[in-house]
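Q: Please take one part of this model and go through it closely, beginning with a local backbone feature and then following the helix packing and the surroundings. I would like a connected account rather than a list.

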Amino acid sequence: MMNRDINGEGRKFNRGEEEEEEDEDEESGRGRDAWERTYADERSWESLQEDESGLLRPIDNKALHHAQYRRRLRTATTAGIQKGLIRYLYIVIDLSRAAGEMDYKPSRMVVVARQVEAFIREFFDQNPLSQIGLVTLKDGVAQCLTDLGGSPESHIKALMGKLECSGDSSLQNGLDLVHDLLNQIPSYGHREVLILYSALSTCDPGDIMETIQKCKSAKIRCSIIGLSAELYICKYLCQETGGLYSVALDEPHLKELVLEHAPPPPAIAEFAIANLIKMGFPQRAAEGVISICSCHKEAKFGGGYTCPRCKARVCELPTECRICGLTLVSSPHLARSYHHLFPITPFDDVSPSITNIPHKLPKSCFGCQQSLLNPGNLPGPWVACPKCKQHFCLDCDIYIHESLHNCPGCESFKQSNSVTNMEV
Amino acid sequence: MSPPVPSKILTDDVSLLMVLIDSNPHFWSSIKPHFSFSKFLSHVLAFLNSILLLNQLNQVVVIATGINSCGYVFDSSSGSVSQRAESLLPKLEEFAENDESLSERDDDSGNGVGSSLLSGSLSMALCYIQRVFRSGPLHPQPRIICLHGSPDGPGQYVAIMNSIFSAQRSMVPIDSCVIGIQHSAFLQQASYITGGVYLKPQQLDGLFQYLATVFATDLHSRNFLQLPKPVGVDFRASCFCHKNTIDMGFICSVCLSIFCKHQKKCSTCGSIFGQAQTRDPSASQQRK
């Protein structure tokens, strides 16, 4: 972490010097080639370390990566906490003058748009029953770019078509608009706002504290990711509404912060009223059937799904039937959220001690059969599942907890009491 | 680890095939018409050898799916010379004995044909595939084939769906070749979601022919072939109260449990519908 700060300050300081030396350079490349930029801007030599005798230590990316992942896991919530699975999220993007700054290459606006696109895809992957809407802050007003919807392509297309920045940003107008829009959603949904704020100030028509109290009483969870510096008003907003405030240091850090909001946050129990939502599970229509689909209003050949209530044809799931309004999903969509309800326990670090008898150590990782011994027969670091006691390498640990959500050891041994009672 | 090749010329058609063999003894002893496990293995071994012959760089890894455990029994790239598939037989025998000995401790007999631990071997196969992805930019194209016959175990539903979604994200197709008379809903969904092929051969005497014509081709060449299309994959859910398949139901907004009729209270998470929740972490009760 220290490194990052030094880098950030160093970078800004360098740029200050160069601005005096060279004139009218639009690109931050400043007349250098791309390969030179990686040395000048990223200062990769600063991450080298020396050991006790002064020799260079090889950069152990694996251990670093694993330590980062452990940190992420520790801050993540445990199984006992309820999560808000049906989310209605508005992404508010700051397109004011400050978004045209070029400290993020090519400009803050483009970098933010790129990260929002990746976020939207990841969001729908992890929360198939939720919906996203986009709002922009430009010229002191807030405009709704897309309505709440479940299709990633329409949001991304709308965003990429509207990338211009000008004027001031108004936090209060953005919050007012989102508050009015989120009032229309059903009571079982969790209301969330993610603001990507580049400016250092906000230009408001009234008292923003009132707006913040309004959002708090409407149970909207506001989170902000700042791109320039920490602002008190943003911190206050997030504290009041129970959201997360973070400031990005560079593009990879921004990506990490944005994707942190993809898995469902812990639900504050009083925020959403539990309800039974009526949903339909359409069957796939037989191949070779011709019908008019209700989403495109044209005749389609084969494929598609039939709404069980009104028998209209829809092209893809999940969606809302346009004729009768029934939410249509398939059972895999619900299954995508089950791992949030049944997360697996984090694995324990196993430190190889000198007193361990060599032949008692596990030779290979249970999951991928990779040898747990470094070259030279010295044991490297590995982890073990607290439940089934099987040993895994660090890479499998990251894969299992971030993507697979199943412990191969626990699944490969029949237990007398079943792990989960979920049955379909 | 891999056989020493002077220059790794990996073309489009090099594959890594993960084979998950169902070794459930209750299933194999009760299959009708009679098709013995050893006959089944002779077809499979011929198939695996033919994969290894198709391309010098092809790799085959076999994981056995038992009723009490799962384990690796063959890896064609281990050892200095590429192994023939027959060398899996002693390891498979050892695995089967170990698997049966584990079940003597449980008093689970008389349950009919139990299910085998498909979720375990799928998870292990996916971990191995991730290791191959990490080995560098030049790697064979991985895919998974399940040679399965045991009935689906409802307790594995969540784990199998997790594996399917992870395979979908890594773009690894899961092919299924179902032995016996019963279709497997889990494998149908797996093959449909990941873009693999699902097949239930009609005549098991010709199993090698089915395997060689449908499952042997690499992923790149599949674009040019007419392979069996998915027929009638049923994505409807079953209600938690009666286990009936329903096409319209009610979902609890807290825990996503499915019910067929309106209820006052969710039986899975205890949430009372229509009122704000109290502060107790009711979701934790589900794990018991």
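A: In this predicted model, A:Lys311 is found in the loop between strand E13 (305–306) and E14 of chain A. Its phi is near 65°, a positive value in a residue other than glycine. Most residues other than glycine have a negative phi, and most peptide bonds are trans. A:Lys311 counts as exposed because its relative accessible area is 58%, above the cut-off of 50%.

A second backbone feature involves strand E14 (313–314) of chain A, since the loop between that strand and strand E15 (319–320) contains A:Pro318. The peptide bond that joins A:Leu317 to A:Pro318 is cis, with omega at about -5°. Elsewhere in chain A, A:Gln369 lies in the loop between strand E17 (348–350) and strand E18 (373–374), and its phi, near 65°, is again positive in a residue other than glycine. A:Gln369 has a relative accessible area of 32%, which means that it is partly exposed.

From these loops the account turns to a pair of helices in chain A. Helix H7 (residues 208–217) and helix H8 (residues 232–241) of chain A pack with their axes 9 Å apart and at an angle of about 25°. The two helices are therefore roughly parallel, as that term covers angles under 35 degrees, and their crossing is right-handed. On the side of H7(A), the residues that take part are A:Ile208, A:Met209, A:Ile212, A:Gln213 and A:Lys216, and they meet A:Ile233, A:Tyr236, A:Leu237, A:Glu240 and A:Thr241 of H8(A). By class, the residues of this contact between H7(A) and H8(A) divide into six nonpolar, two polar and two charged.

H8(A) can also be described by what it buries. Its buried residues are A:Ile233, A:Cys234, A:Tyr236, A:Leu237, A:Cys238 and A:Thr241, and A:Ile233, A:Tyr236, A:Leu237 and A:Thr241 are among those that meet H7(A). The cover over the buried residues of H8(A) includes helix H6 (171–182), strand E6 (190–197), H7, strand E7 (220–226) and strand E8 (245–247) of chain A. After H8(A) comes A:Gly242, which has a positive phi near 85°.

Another helix of chain A, H5 (residues 152–160), holds A:His155. With a relative accessible area of 2%, A:His155 is buried. A polar atom of its side chain lies 3.0 Å from the backbone oxygen of A:Ile132. Apart from neighbours within four places in sequence, A:His155 is in contact with A:Ile120, A:Phe124, A:Ile132, A:Gly133, A:Leu134, A:Thr146, A:Asp147 and A:Gly149, so that A:Ile132 appears both as a contact of A:His155 and as the residue whose backbone oxygen lies by the polar side-chain atom at 3.0 Å.

Chain B offers a second setting for these kinds of detail. It has seven helices and 10 strands, and 53% of its 288 residues count as buried. Among the contacts in chain B with a separation of 6 or more, 64% are accounted for by residues 24 or more positions apart. One residue with partners far along the chain is B:Gly114, in the loop between helix H3 (88–105) and helix H4 (118–134) of chain B. The C-alpha atoms of B:Gly114 and B:Phe27 are separated by 7.6 Å, although these residues are 87 residues apart along the chain. Leaving aside its neighbours within four places in sequence, B:Gly114 is in contact with B:Asn24, B:Ser150 and B:Pro151, and its relative accessible area of 24% makes it partly exposed.

Chain B also has a cis peptide bond, between B:Lys32 and B:Pro33, where omega is about 0°. B:Pro33 lies in the loop between helix H1 (25–30) and helix H2 (37–54) of chain B.

Finally, helix H5 (residues 157–169) and helix H6 (residues 185–194) of chain B have axes that come within 9 Å and cross at roughly 20°. H5(B) and H6(B) are therefore roughly parallel to each other, and the crossing is right-handed. In this contact, B:Tyr157, B:Ile160, B:Met161, B:Ile164, B:Phe165, B:Ala167 and B:Gln168 of H5(B) meet B:Phe186, B:Gln189, B:Ala190, B:Ile193 and B:Thr194 of H6(B). The contact of H5(B) with H6(B) has nine nonpolar, three polar and no charged residues.

Note on methods:
Residues are numbered from 1 along each chain as its sequence is written. Chains are lettered from A and ligands numbered from 1 in the order in which they are written. This is a predicted model: local features need pLDDT of at least 70, side-chain atom pairs count only at pLDDT 80 or more; totals for chains, interfaces and linings use all residues. Side-chain values use heavy atoms; hydrogens and water are left out. Helices (H or I, at least four residues) and strands (E, at least two) are DSSP runs, numbered from the N terminus. Buried means under 20% relative accessible area, exposed over 50%, partly exposed in between (1.4 Å probe, protein chains only). Contact means heavy atoms within 4.5 Å. A polar contact is a pair of N or O atoms within 3.5 Å; within protein, one must be able to donate a hydrogen and the other to accept it, and residues adjacent in sequence count only if both atoms are side-chain atoms. Axes are lines fitted to C-alpha atoms, for helices over the stretch in contact, and angles run from 0 to 180 degrees between N-to-C directions. Angles under 35 degrees count as roughly parallel, over 145 as roughly antiparallel, 65 to 115 as roughly perpendicular and the rest as oblique. A crossing is left-handed if the near helix is turned anticlockwise from the far one by less than a right angle, and right-handed if clockwise. Ala, Val, Leu, Ile, Met, Phe, Trp, Tyr, Cys and Pro count as nonpolar, Asp, Glu, Lys and Arg as charged, and the others, Gly among them, as polar.
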